[in-house]
Amino acid sequence: MAKRRRLVVGNWKMYGRLTSGLVLARDLVEQAEARKPLHFDMVICPPVTLTWAISETIMGTPLMLGAQDCHTATHGAYTGDISAAQLADLGCRYVILGHSERRLKHGESNQLIAQKLEAAQLAGLTAILCVGETAEQLASGSTTDIITRQVQECLPEKYRAAHLVIAYEPAWAIGTGQQPAPDTIAEVHKIIRQALGIAGETVQILYGGSVSPANAEAILLQDEVDGVLVGSASINSDGFWAIAEKCNA
Ligand code: PEP
């Protein structure tokens with residue numbers, strides 16, 4: 001079976017204003033152009049306020065654009081929300097869904113995430129579905145059950161495997177400097193592949209949670225790991241590239 005292409009995703013969260021965001025995007029592009037051809041894919045997910053400006057900046061470059069969330073509907077009376085079709089219209093190709101910050105701080109359920117995923121794929125976006133256990137679930141030994149249920153319940157009946165990426169992001173590892181051991185990450189990725197069934201052979205599975213230039217290589221050396229989803233370390237161009245280059249390891 002052909003090896004899955006690697007993918008590095010930067011989640012800028014709610015950081016960046018127009019000037020700083022454009023400086024970062026231009027710097028990332030400059031470094032991408034200097035390294036062409038890339039042997040992996042790179043996606044940046046800025047806050048939605050910067051989407052259009054960054055879309056213009058990275059058009060025609062190796063970088064691809066993503067968003068951090070979308071609504072379940074294509075349009076309608078949903079004040080403050082943004083649809084997947086609107087994101088696609090701005091040049092987005094990916095959207096992160098089910099991030100633990102949205103599950104925990106916005107009460108998003110697996111069922112809601114499944115509806116968002118369906119909407120994203122209908123709009124032509126690739127969904128980056130985040131799954132992962134909390135510290136309490138880890139302590140109670142329920143990681144396998146939680147992850148399996150998240151994968152099964154967050155996927156609508158007719159999802160498109162070709163437009164799906166899964167990110168294993170333990171909630172306790174996000175922004176904490178803590179991480180599972182690399183072989184534990186590989187084990188959980190295998191559990192995700194099993195839960196996916198036949199689609200598990202082709203769907204890229206990323207790891208996310210306190211990835212840094214110092215620990216990226218050990219994670220990416222795991223065959224099971226098809227790339228990384230990077231939060232805080234992605235808003236520094238040199239740091240993000242130092243992580244991305246470990247994809248060549
Ligand atoms: C994230 O926000 O998806 C993430 C992994 O954050 P961090 O890298 O900062 O832990």
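Select Gly66 and Tyr94 in this predicted model. Tyr94, in strand S4, is the bridge partner of Gly66. Now widen the selection to strand S3, residues 63–67, and S4. The two strands run parallel and are joined by two bridges.

**Strand S4 and its neighbours**

Show the side chains of S4, residues 94–97. Tyr94 and Ile96 point one way. Val95 and Leu97 point the other way. All four are buried.

Add helix H3, residues 84–89. Together, S3, H3 and S4 form a β-α-β unit, and its hand is right.

Next, bring in strand S5, residues 126–131. S4 and S5 run parallel, with four bridges between them. To find one of the pairs, pick Val95: its bridge partner in S5 is Ala127.

**The whole barrel**

Zoom out and colour the strands. In what order do the eight strands close into a barrel? The order is S1-S2-S3-S4-S5-S6-S7-S8, and the pairing is parallel. On average, neighbouring strands of this sheet are turned by 25° against each other, direction ignored.

Go to strand S1, residues 6–11. S1 pairs with S2 in the parallel sense, over six bridges. Pick Gly10 there: Ile44 of S2 stands opposite.

Two helices that pack on the sheet are worth a stop. Helix H2 touches S2 and S3, and its direction makes about 165° with that of S3. Helix H10, residues 237–244, touches S1, S2 and strand S8 (227–230). The direction of H10 makes about 145° with that of S2.

**Down the axis of H2**

Select H2, residues 51–58. Which residues of this helix are buried? Thr51, Ile54, Ser55 and Ile58 are. Turn the view to look down the axis of H2: the buried residues fall within an arc of 110°, so they line one face of the helix. An α-helix has 3.6 residues a turn, so residues three or four places apart point the same way.

What do the buried residues of H2 pack against? They pack against helix H1 (18–35), strand S2 (40–45) and S3. Step just past the end of H2 to Gly60, where phi is positive, at about 80°.

**Strand S6**

Move round the barrel to strand S6, residues 164–168. Five of its five residues are buried, so S6 is largely enclosed by the rest of the structure. Leu164, Ile166 and Tyr168 point one way, while Val165 and Ala167 point the other.

On one pairing, S6 meets S5 in the parallel sense, over five bridges. Select Val131 and Tyr168 of S6 to see two residues that stand opposite each other. On another pairing, S6 is joined to strand S7 (residues 204–208) by four bridges, and these strands also run parallel. Here Ile166 has Ile205 of S7 as its bridge partner.

Add helix H8, residues 182–196. S6, H8 and S7 make a β-α-β unit, again right-handed.

**The cysteines**

Select the cysteine sulfurs. A disulfide is a covalent bond between the sulfur atoms of two cysteines. How many disulfides are there? The count is zero. Cys92 is in none; its nearest cysteine sulfur, that of Cys45, is 7.7 Å away. With a relative accessibility of 5%, Cys92 counts as buried. Cys154 is in no disulfide either. The nearest cysteine sulfur to Cys154 belongs to Cys130, 9.8 Å away. Cys154 has 0% relative accessibility and counts as buried.

**Backbone stops in the loops**

Most residues other than glycine have a negative phi, and most peptide bonds are trans. The last three stops depart from this pattern.

Start in the loop between H1 and S2, at Pro37. The peptide bond from Lys36 to Pro37 is cis, with omega near -5°.

Then go to Lys13, in the loop between S1 and H1. The phi of Lys13 is positive, near 50°. Is Lys13 buried or exposed? Lys13 counts as buried, because its relative accessibility is 18%, and the cut-off is under 20%.

Finish at Ser210, in the loop between S7 and helix H9 (216–220). Ser210 is not a glycine, yet its phi is positive, at about 55°.

Technical notes
Residues numbered from 1 in each chain as written. Predicted model: local features only at pLDDT ≥ 70, side-chain atom pairs only at ≥ 80, totals over all residues. Heavy atoms only, no water. Buried < 20%, exposed > 50% of the residue type's maximum accessible area, 1.4 Å probe, protein only. Pairing = 2+ DSSP bridges. Right-handed = clockwise from strand over helix to strand, strands pointing away. Arc of directions from axis to C-beta. Contact = heavy atoms within 4.5 Å. Disulfide = S-S within 2.5 Å. Axes fitted to C-alpha atoms, helices over the stretch in contact; angles between N-to-C directions.
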